[in-house]
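Ready to take a protein apart, one small exercise at a time? Have a look at the picture first, then work through the tasks below.

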Amino acid sequence: MFPTNHKTIFVLDHTPYFGISSDNPIDFDVSKSRGPGYVPLPPVCKSLWTCSVEAAVEYCRIVWDLFPEGKLVRFIVSDSAAHILNTWAIAQQNLTHVLNGLCLVGPVRRGAGGDVVGLCAAIEALAEPTPTQAARQPTDVPFQNRGRIVCITSARDDDSIRSLAEIALNTLVSQNKKASSPQPATTTDASTSSQSLVVHYCHLVIINVTPEKADTRVNSQPVIEMGGGLMGVEVIVCRASVLANLLGRLVLPHYRLATTTVTGIPMKEEQNASSSANYDVEIIHSAEAHAGLRALQTAAESVESVVLRWWTPRGAEGGAGGCNGPLWRVTPADVASRPSACLVNFLLNGRSVTLEVPRKGGGRSASHVLAAQGGELWIGALGGRTPYEDPPALSEGAGGRVTDYRIKEFGALMQQNKLHPLRGAGANSRARSRLQRHTTYWPLTISSTLIFNLGSVMEPLTRLVVQESLTEEEVDSCRGVLLSLLGMESRHEFPTSQLPSNLRGKSSGRREEQWRQVWGELEALVRAHSASPAHRALLRTLLECRSHNNHNDGESSRASVIRATTDSPLSPVGAGNGNGNSNSDVWAPRNVLDALLGAPRPPRRQDFAGRMAAGNRVATLYQHLQQEETTH
């Protein structure tokens, strides 16, 4: 519940050594107009103390920008005594309080002292409960009290670093013994050590800072576990000039963060407002925002910043509300740079930015949206599509081809079969039965059907037959349609003009084949809905019309053609006769699932004789192959 980054303590070395120069000159004179006799100002160098304070404060800015709650940081300045600048209270978790405390501490003074006293105070601060930990009830599940200490110091050699780590471990063991020992009942002070917690793990990061041109005998080392896993010690050696960049990179693994470089940002130049140039801005956010982009990257590539290209937004619409997925807070890596300030102001003015993955082969693939909401910056994953693009049409098939799906008819089918909560016994079975009747025979594409493309010729049969019951007048109307079709067939006519223009050329086959398809589809449609007596009467009329004016020799061939087309696995479901007889009045519709579940399974072939003889053992092939052939 409480990870290691729940508590972080900075121990800043305030000894006289940190008052020396960092040997990294900074040009203080930025004036461009220099007249004759002008004496330029000499460059200045920051002290080791200034470099360490700026780096630690920048670390805290990133943490508090991205985690307003739940991630607490404390500062302890160590010289002759331990100066505690803030506590775990929420009101003291801000840069203003920390900077005021640093001002009260003042610059580095001459005198004795070191970082040991501050490190011991940091161990005691880890044992203090945070407001969240103190609010837990005694009956709750026990939690692990873990934390991290970042000690910025400067040691002579590796032995001094090892001695510092051993002192911290001994202090931690002593503190845990003190916290686990029972306290006397006469204690009345609520703020005493009776509220101390046992520290289960401490991650100690020792950063050895040296001037730019100084030599050091301290070597960096990865995390080494000490005290049986009670403490992990990590040593990092760096120059004072790169200390800020080091802590800016350490904050990423400490809090599971990642960086994104927004490239191609158009900005106007300060010197010439009529011209513009493209800039890059690096932003920091949760590593979860790159979950979709890291899938195909190696471990080395995942450490680097992801580069996303600026996509010029259209107007001021959109924002973080255009992203349907999760949102993560964003903070700039270099908050003092001009491009970062321009990007932040642009987003705070209500504009949003779409970010895309750069592609070598051209094309655009939107991946994220960057926007401001509630005075904070957010980034959200789009899943590969930008909110400014039009959604794909239903008629767009794979590869961009336009298919012939019956889209409007499918929408009408959904409207007719809306599921509503019904009361009473058998409500679910009635709804399933209705949906099964409507989908037993329902062509998906326009080119796979004729009766649904003939329009007024089939009206009102195709509209009335899908009803649960039919009246006498409705049955007579459907019979009139069947008789009209029978008359057209007798006159050797076919209503080709009713077909869509894209099917007229495809339906240029023989009229006999077209009429066979029409009667076959009608029979499949009526059989699918023949659950009432009126539907069965209409089915008998259909069968009579279908067999009218046909010779006996053609009857068998016609039946074979119908059987071949309707019994084929490629034919529409329900077009065949199912399990029932064609002369029966009742026909049970059978969908694909029923056909697969009820399909007869072929009998299993007799097993190999050698495997049967072996039983549970492994059967050996050609077991007599190695035996010598006997001579006769």
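**Exercise 1. Find the salt bridge between Asp-476 and Arg-479, and work out how the two residues are placed.**

Step 1: Asp-476 pairs with Arg-479 in a salt bridge, and their closest N and O atoms are 3.8 Å apart. The term stands for a side-chain nitrogen of Lys or Arg within 4 Å of a carboxyl oxygen of Asp or Glu.

Step 2: Both sit in helix α12 (residues 472-490), three residues apart, so about one helical turn separates them. Helices here are DSSP runs of H or I with at least four residues, strands are runs of E with at least two, and numbering starts from the N terminus.

Step 3: Asp-476 is partly exposed at 44% relative accessibility, and Arg-479 is partly exposed too, at 29%. On this scale, buried is under 20% relative accessible area, exposed is over 50%, and partly exposed is in between (1.4 Å probe, protein chains only).

Step 4: Elsewhere, Glu-58, Arg-61 and Asp-65 form one network through salt bridges that share partners.

A word on the model: it is predicted, so local features need pLDDT of at least 70 and side-chain atom pairs count only at pLDDT 80 or more, while totals for chains, interfaces and linings use all residues. Residues are numbered from 1 along each chain as its sequence is written, and side-chain values use heavy atoms, leaving out hydrogens and water.

**Exercise 2. Which parts of the chain does the salt bridge between Arg-74 and Glu-128 tie together?**

Step 1: The two side chains meet at 3.0 Å, N to O.

Step 2: Arg-74 belongs to strand β4 (residues 72-78), while Glu-128 is in the loop between α3 (116-127) and α4 (131-134), so the pair ties together parts 54 residues apart in sequence.

Step 3: Check the surroundings. Arg-74 is buried at 2% relative accessible area, whereas Glu-128 is partly exposed at 35%.

**Exercise 3. Do the same for Glu-376 and Arg-329.**

Step 1: Their side chains form a salt bridge of 2.8 Å, N to O.

Step 2: This pair links distant parts of the chain, with Glu-376 in strand β17 (residues 376-381) and Arg-329 in strand β13 (residues 327-329), 47 residues apart.

Step 3: Glu-376 has a relative accessible area of 29% and is partly exposed; Arg-329, at 26%, is partly exposed as well.

Step 4: For the wider picture, the whole structure holds 15 salt bridges.

**Exercise 4. Trace the strand partners of β12.**

Step 1: Strand β10 (residues 257-268) pairs with β12 (residues 306-311) in the parallel sense, over four bridges. Pairing requires that DSSP finds at least two bridges between the strands.

Step 2: Spot Thr-260, which stands opposite Val-306 in β12.

Step 3: Now turn to β15 (residues 353-356), which runs antiparallel to β12 and is joined to it by three bridges. There, Thr-354 is the bridge partner of Trp-311.

**Exercise 5. Sum up the whole protein.**

Step 1: Count the elements: 18 helices and 17 strands.

Step 2: Of the 632 residues, 38% are buried.

Step 3: Take the contacts (heavy atoms within 4.5 Å). Among those with a separation of 6 or more, 69% are between residues 24 or more positions apart.
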